[in-house]
Amino acid sequence: MVDNRYATALVIGSVLSLLATVYLSVAVGTQHWYQYHSQPASNDANNGSDLQTLRQDFEAEDVDERIYSVALFRLNGTLGLWWRCILVPKHSYWSKEPDPIMVTKCQAFTLPQQWESKYKSPGNINSGEDLLRTYLWKCQFLFPLVSVGLVFLAALIGVCACLCRSITPTLFVGLLHLLAGLCSMATVCCFLAGVHLFHEISELPEGMDYSPGWSLFLALVSSPLQIMAAALFIWAARSHRQHYTRMTAYRVA
């Protein structure tokens, strides 16, 4: 039998785990980890032609880091773990409408792009590989997948524990949630560090502003939720074990 205190802790931990998984999944699947706000483009024909070319290059599958970053900087872009987006007119020209309707155009990072090397000068192979940025980019891709995988493994173990009417595996469930929370936090740290290093070696347009987006904050919130769930699971498992040990000793005596 499980004491009501332990059962309550398990229920609250499960709810926190579910919320954390939903938050992290939404964060990974959206593009608002980082957002850029640039000055409005001038309405002359030459500039419109440049922006149109920039948009076409941005949508290419084999676009390099320098090209899509320029588009992000100049076209009010947003950047995520799997997506990059820019704000463009609904029609394919800039100069013929004084106030065009703007729409969001998104492009997904392909799997090869997630694993490609980063260079000391973005897009320039001859500048040499930037190992730190390369590994930060790969880690920000892998850590959220590991985090979600650990939570699903913990859920599977929890279901088996319920079927076996045992609370002992809950300790292992708590440890898995703790690792998942650390992976979620590492994802945010790797992303912010990578963006910071990228800004240091890039030519940022004058007057451009940038800030973290809501997707990043969702991922950031998921980490403490997973850690709190881990604390509840570990407490329930350890406390129940100590209580069971005392009761067994009392009956023997």
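Is phenylalanine 172 buried, exposed or partly exposed? In this predicted model, select phenylalanine 172, which you will find in helix α6; because its relative accessible area is 43%, it counts as partly exposed, the term covering values between the 20% below which a residue is buried and the 50% above which it is exposed.

Next, extend the selection to Leu171, Leu175, Leu178, Leu179, Leu182 and Ile227, which together with Phe172 form a nonpolar patch on the surface with about 560 Å² of accessible area together. Helix α6 supplies the largest share of this patch, six residues.

Now turn to the interior and select Trp33, Tyr36, Tyr68, Leu72, Ile86 and Phe191, the residues with the most contacts inside the largest nonpolar core, which has 31 residues. Among the elements that each supply at least two residues of this core are α1 (4-29), β1 (34-37), β3 (83-89) and α6 (170-201), while α3 gives the most, with five residues. Apart from this core lies another, of 13 residues, including Ile157, Val173, Leu176 and Leu225.

Finally, select Glu65, Asp130 and Arg133, which are linked in a network of salt bridges. Between arginine 133 and glutamate 65 the closest N and O atoms are 2.8 Å apart, and this pair links distant parts of the chain, with arginine 133 in helix α5 and glutamate 65 in helix α3, 68 residues apart. In the salt bridge between aspartate 130 and arginine 133, the closest N and O atoms are 3.5 Å apart. Arginine 133 is classed as buried because its relative accessible area is 5%, and aspartate 130 is likewise buried, with a relative accessible area of 16%.

Technical notes. Residues numbered from 1 in each chain as written. Predicted model: local features only at pLDDT ≥ 70, side-chain atom pairs only at ≥ 80, totals over all residues. Heavy atoms only, no water. Core = buried A, V, L, I, M, F, W, Y, C linked by side-chain atoms within 4.5 Å. Buried < 20%, exposed > 50% of the residue type's maximum accessible area, 1.4 Å probe, protein only. Helix = DSSP H or I, 4+ residues; strand = E, 2+ residues; numbered from the N terminus. Patch = residues over 30% accessible without salt bridge, like charges linked within 9 Å, V, L, I, M, F, W, Y side chains within 5 Å. Areas by Shrake-Rupley, 256 points an atom, 1.4 Å probe, with all protein chains shown as cover. Salt bridge = Lys/Arg side-chain N within 4 Å of Asp/Glu carboxyl O.
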